[in-house]
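Here are my notes on the model you sent over. I've kept to strands, rings and charges, so have the viewer open as you read.

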Amino acid sequence: MPRTAANVVHPRDLATFAFRAVERFDAERHDMMLDQRNLIIAIVLSIAIVLGFEFLYNAPRLEKQRALEAERAKSQATTQAIPAPGAPTPAQPAPPGTPAVGPATAVPVESPRVQIDTPDVSGSIALVGARIDDLLLRNYRETTDRGSPPIRLLVKIGTASPYFVEHGWVSTTQGVVLPGPATRWTADRDVLRPGQPVTLAWDNGQGLRFERRYEIEGEFLFRVTQKVSNTGTMAVDLLPYALISRTDTPPTLGFFILHEGPIAVISNTLREPNYSDLQSGKPIEEKSTGGWAGFSDKYWLTAVMPEPQTEVKIRFAHSLADGRDKYQADFLGQTRTVAPGAAIEHASRVFGGAKEVRLLDRYADQFGIDRFDLAVDFGWFYFLTKPIFLLLDFFFRLLGNFGLAILLLTVLIKLLFFPLANKSYRAMNKMKLLQPEMEKLRERYGEDRQRMSQEMMALYKRVGANPMAGCLPIVIQIPVFFALYKVLFVTIEMRHAPFYGWIRDLSASDPTSIFNLFGLLPWGPPELYLLGGSIGAWPIIMGVTMFLQQKMSPQPPDPMQAKIFLALPFVFTIMLAPFPAGLVIYWAWNNVLSVLQQWVILKRMGQTPAGGAKTGGGAKPVK
């Protein structure tokens, strides 16, 4: 066909045609994106939050810690030990007899000892230095194996990473000899037991007799009463103190949802500095009425606490000694004057053990210890996490298994949110029936986006549909999911709590692996883990139940939404694989309950369980 002016297409016309085609495509895509936006945002936020629970690390803090370590390495030759509370700074000479935290070699390991023997703890008190530096938790072991050694909380001086509790006095009276790290005390008995206290004694040769009485007040609670009798001719001013010394920075998990390190309640306010905060070299010191201070690990706590309503100074400090980090938590009491022929006493407590929630609550009520339950890191959602734990603990005492308690808790949560979820599922099905009407609106008002949006909103309002209905069941689970994750992660009651079958620890990830067919093949899981853990049986069960739940839901008409929904079970299976098994069991059981709930709703609306064709007139057309 010859080229003529009539059949030659001008490039400008091609450009105009292409521009209008792109414009129409953009309009249609914009309409589609309006329908997808809220759903995608909700899903992305949900995934981001879940990922953050497990994999978000405090990178600036670690970088700061590395910088401080490098700086300390340059100045190791000039570092000194931490003085006792109230003593002069290391740059000044300490008064004679003032105890100080030394290089952790002042007291030999073979020092004579008073044994500690209770149903919950065992260990000993060194008579040289009078320190509690040997404490084991009898009912807690390193692993789930019955032959595993018990948890060692406090460590003797002279061994690797000493960790001990010390009490004593600081004097503002010149020339007074006080008991120190090398002081050899005498004991009135060899074993400390419940109902059988032990008293240590020492005379300074200047008319002062020092006594230290140790009593067992609870499973992990000691009462220490210091007494000074003055048989001399001169009044002496003394200040009581208690300290916890920890050598070397302990390994921590580094998760942002868990605090591990120095911890205190100062005048009814929780303080949680990090080890790196203390490494700056400036002590943290505040006045307090009552309170407590110590070091918190994930499941264990060592703390010293004055009597309630007692005015003290609480301090955290750090130093380097022999190139090793030393951390100290202590409190210093008010000045007490012991006159000739008189005596003074000062009592305080030591906690060294597991952070059992009900135990901490009981000690707080019984002995007036301020906010002692905050030793468990329930976090900002304390109002939700602690009630969930108490409910789980109640169900555990009722059923005898924390796994069953989690299943029962899930049923209770489902019942609590049933009206909201029921309304949401019905709205989802209404959105499915609205698709033909929405297509007509797009055809009629495709060029007028504002009018089309108005007509769609009017349509939603007329039939009572909710475009966000698909997101709601996921969104309402996020706070509960987070709270349950915290409970499983931080409470020791969940540690080594077994379920049925292969789950021996609900706080740990599923130990099975898809890579060896769950133990059927003769090799272990690979060293290369997906997002921190291999895919076990329970994560796969969770993924299957999530897939079934989606098949029961009305399928989105948009292909992009359908692909996102189809990918979610696989994404969550991989993502939740390293999470605590108890959390995965909760999610899987929640999916099963959701499937049952959707099945009932769909049958009542006259639709097939797959959300497809009508079964006989129960579903009404949109008017």
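The points below go through the strand pairing and then the aromatic contacts.

1. A caveat to begin with: this is a predicted model. Please read every distance and angle here with that in mind.

2. Start with the hairpin. Strand β1 (residues 113-117) runs antiparallel to strand β2 (residues 121-126), with five bridges between them. Three residues make the hairpin connection from β1 to β2. If you want a landmark for the register, Arg113 is opposite Ala126 in β2.

3. β1 has another pairing to look at, this one parallel: two bridges tie β1 to strand β7 (residues 191-192). Here Gln115 faces Val191 of β7. So β1 pairs in the antiparallel sense with β2 and in the parallel sense with β7. As general background, sheet strands pair through backbone hydrogen bonds in either sense.

4. Next, the nine-stranded sheet. It is open, pairs antiparallel, and reads β6-β8-β9-β10-β20-β16-β15-β12-β13 in order. Which strands stand at the edges? They are β6 (186-187) and β13 (269-271); each has a single partner strand, so one side of each lacks a neighbour in the sheet.

5. Within that order, β16 is followed by β15. Strand β15 (residues 292-296) and strand β16 (residues 300-306) are antiparallel and share four bridges. To check the register, look at Phe295, whose bridge partner in β16 is Thr302.

6. On to the rings: there are 23 aromatic pairs in the structure. One of them is Trp202 with Phe210, whose centres are 5.8 Å apart; the planes meet at 35°, so this pair counts as tilted. Trp202 and Phe210 are both buried.

7. Another tilted pair is Tyr363 with Phe367, at 6.1 Å between centres and 50° between planes. Both residues belong to helix α4 (residues 357-367), and because they are four residues apart there, about one helical turn separates them. Tyr363 and Phe367 are buried too.

8. That helical pair is part of a cluster. Ring pairs connect Tyr363 and Phe367 with Phe220, Trp292, Phe351 and Phe372. Trp292 also ties this point back to the sheet, since β15 spans residues 292-296.

9. Finally, two charges over rings. Arg246 places its charged end over the ring of Tyr163, 4.2 Å from the centre. Lys298 does likewise over the face of Phe489, where the distance to the ring centre is 4.0 Å.

Conventions:
Residues numbered from 1 in each chain as written. Predicted model: local features only at pLDDT ≥ 70, side-chain atom pairs only at ≥ 80, totals over all residues. Heavy atoms only, no water. Pairing = 2+ DSSP bridges. Phe/Tyr/Trp six-rings, centres within 6.5 Å; stacked < 30°, edge-to-face > 60°. Buried < 20%, exposed > 50% of the residue type's maximum accessible area, 1.4 Å probe, protein only. Lys NZ or Arg CZ within 6 Å of the ring centre and 35° of its normal.
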